[in-house]
Amino acid sequence: MNSIIENGNQILDGIRAWADGVVAGVAAYLSNPIEFVEFYTFVVRWIFPILAAAIFFRCLLPLLRSGGANRIWGFLEIKDAYRIPIMHWENSIGRSKLSDIVINLPFVSRSHAVLSFGEKCWTITDLASKGGVRVNGETVDGSGSVEFGDSIAFATAEFQFLPAEEGYESLPRKSRWDWFSKLGRNLDSNKTFLLILAFQVLGGIQLYLTMGEAATVSVIETFLIFIAAECVYYFVLSRYGRKYRELELLIYFLCGLNLFVVASAKPGHLTKQLAAILLGMMVYAAIQLIIKDVGRGRKLKYLLVGCSVVLMVLNLTIGEARFGARNWINLGFITFQPMEFVKVAFVLAGTATLDKLLTARNLTAFIGFSGSCIGALILMRDLGTSVIFFGAFLVIAFMRSGDIRTIAFISAGAVLGAFAVVTFLPYIASRFQAWGHVWEFADTIGYQQTRTLIASASGGLLGVGGGNGYLVKVAASDTDLVFGILCEEWGLVVALAAVLIIVFLSVFTLFLMRGCKSSFYAISACGAVSIFMIQTALNVFGSLDILPLTGVTLPFVSNGGSSMVVCWALLSFIKAADERIRPGREEAESAAEGLTEGEGV
């Protein structure tokens with residue numbers, strides 16, 4: 001027994017001696033500033049991927065929770081028969097299966113009419129149907145107002161327009177995403193926000209340490225102001241907002257990566273980029289407030305379209321060329337890309353309520369505006385942005401018309417036009433010359449992509465640490481090649497998390513479509529997310545030589561003030577499409593309503 005105890009004591013003494021040696025070694029190692037930076041980088045390289053994955057999934061699951069029920073705004077009732085619920089502010093009516101309200105009778109036209117709500121009243125519009133539309137026995141010529149209790153006849157099919165009765169204001173919403181409700185039920189957004197702050201604080205320290213003598217107080221101030229702005233905005237959302245907060249949290253994460261990239265590649269641009277983020281947050285809130293009323297949204301559309309035309313003319317006349325494309329305006333005290341701001345007007349121009357979008361005149365006007373934007377971009381030799389506009393046009397036009405043949409015809413014409421552009425514009429043709437075999441042009445036109453591929457591979461899963469990459473020395477590394485910086489310095493896991501957030505926005509938008517009360521929100525959200533998706537594909541695949549390098553930014557991540565502000569503006573359309581109330585807020589409002597009713601107010 002004594003020998004066992006002695007052996008145990010010897011083992012414990014050996015462990016203590018080893019531990020003391022490790023502590024002493026670490027202390028000596030950290031006493032050297034350079035070695036301390038290396039030790040810190042080694043530790044946080046393992047922490048960042050874990051935090052990024054946790055943030056992504058903690059935001060994804062709550063956002064895909066079921067909204068509970070679809071709002072019913074009224075009914076179309078056949079006397080002594082059945083009721084058809086009215087689920088949207090704009091409802092297409094006809095024999096076609098694509099109609100919101102299907103009346104499968106031979107004397108009803110495929111697209112017969114549209115019942116829409118606007119300006120605090122309901123309107124019925126005859127879509128040149130064969131049988132016509134009558135309200136209380138009087139024929140509707142074009143459009144006419146309709147009130148609850150009125151009789152509406154589509155040819156000889158007569159209905160009564162009734163309001164939603166108490167207890168029948170909603171229908172249970174069933175979705176393929178319902179299983180997310182259980183997974184995301186207990187995830188607290190406050191904890192997710194703390195994880196984002198931890199990621200940003202650790203990343204900011206990492207960059208400050210690696211910057212060495214180049215580090216300045218302004219770098220620290222920039223990150224502190226950004227974190228403070230996040231906290232204030234999040235507090236306002238928590239206190240007064242009714243919707244889920246996870247969408248903003250995802251964008252906070254991307255904006256943090258944006259500042260990381262700028263601090264590493266262009267530290268002198270940090271103040272400018274911070275100002276763009278703060279301005280973008282304000283624009284995001286303002287647009288949501290404006291388009292909360294569809295009527296105001298329509299008026300904003302005309303204002304922005306007019307401003308866009310002015311910007312395009314100025315760009316073509318006094319624009320400044322950079323990297324081969326004439327897409328900048330320099331006012332001396334500020335430079336910006338006007339076509340970035342045209343994206344917002346472009347989405348709004350293609351967004352209209354169903355009573356207007358089915359007319360050939362409005363569709364033709366949108367095609368004309370789209371052609372003007374794309375034509376101007378071709379003259380500016382900005383191929384990447386023209387592809388973005390055209391892709392968004394296809395999405396919006398299809399949602400407006402649903403005519404695949406027309407879309408196919410337009411696409412065929414666009415392919416011929418693109419072939420002509422590549423043939424007759426040498427600068428754009430050179431982009432395609434190296435496509436697919438950039439290593440043959442490693443020191444000329446393929447220089448940027450080959451260095452991006454090398455940097456991406458060298459980063460591995462964890463990255464080499466923020467501020468330790470060499471891709472920052474390559475031109476446009478912080479804009480067109482930003483995916484390479486993320487892979488090299490922050491690792492493949494973090495880079496994929498940033499890209500998957502943009503991809504998730506498209507999934508989230510599709511998830512919201514069924515619950516949109518107005519086509520205005522549905523179309524604008526789809527138009528905005530299509531711009532995000534096309535930009536992401538062109539930026540990531542272009543830098544990796546999967547697609548030609550077209551010179552577009554990665555949303556919310558690439559350096560650029562104009563791009564950042566516009567990305568926040570486009571995000572507001574996606575946010576506006578989400579009508580769900582977060583569970584905790586819904587319970588609080590229900591309790592408040594019960595208290596009010598109990599007081600007899």
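How much area does the chain expose, and what share of it do carbon and sulfur atoms supply? I looked this up before anything else. The exposed area is about 28,400 Å². Carbon and sulfur atoms account for 64% of that area. I keep in mind that this is a predicted model.

**Whole chain.** I noted 601 residues, of which 49% are buried. The secondary structure holds 20 helices and 16 strands. I then checked contacts between residues at least 6 apart in sequence. Of these, 67% join residues at least 24 apart.

**Sheet.** I traced one open sheet of six strands. The order reads β3-β2-β12-β11-β8-β9, with antiparallel pairing. Its edges are β3 (83-86) and β9 (138-139), and each of these pairs on one side only. I followed the β3 edge inward. Strand β2 (residues 74-77) runs antiparallel to β3, and four bridges join the two. I picked out one residue pair there: L76 has I84 of β3 as its bridge partner.

**Helix α4.** I checked its length next. Helix α4 covers residues 189-211, which is 23 residues. At 1.5 Å a residue it should span 33 Å, and its end C-alpha atoms are 33 Å apart, so the two values agree.

I looked at both ends. D188 caps the N-terminal end, with a side-chain oxygen 3.0 Å from the backbone nitrogen of N190. After α4 comes G212, which has a positive phi, near 60°.

Which residues of α4 are buried? I listed S189, T192, F193, I196, L197 and F199. The list goes on with Q200, G203, G204, Q206, L207 and M211.

Note on methods:
Residues numbered from 1 in each chain as written. Predicted model: local features only at pLDDT ≥ 70, side-chain atom pairs only at ≥ 80, totals over all residues. Heavy atoms only, no water. Buried < 20%, exposed > 50% of the residue type's maximum accessible area, 1.4 Å probe, protein only. Contact = heavy atoms within 4.5 Å. Areas by Shrake-Rupley, 256 points an atom, 1.4 Å probe, with all protein chains shown as cover. Pairing = 2+ DSSP bridges. Expected span 1.5 Å × (residues − 1). Polar contact = N/O pair within 3.5 Å; in protein donor to acceptor, adjacent residues only side chain to side chain.
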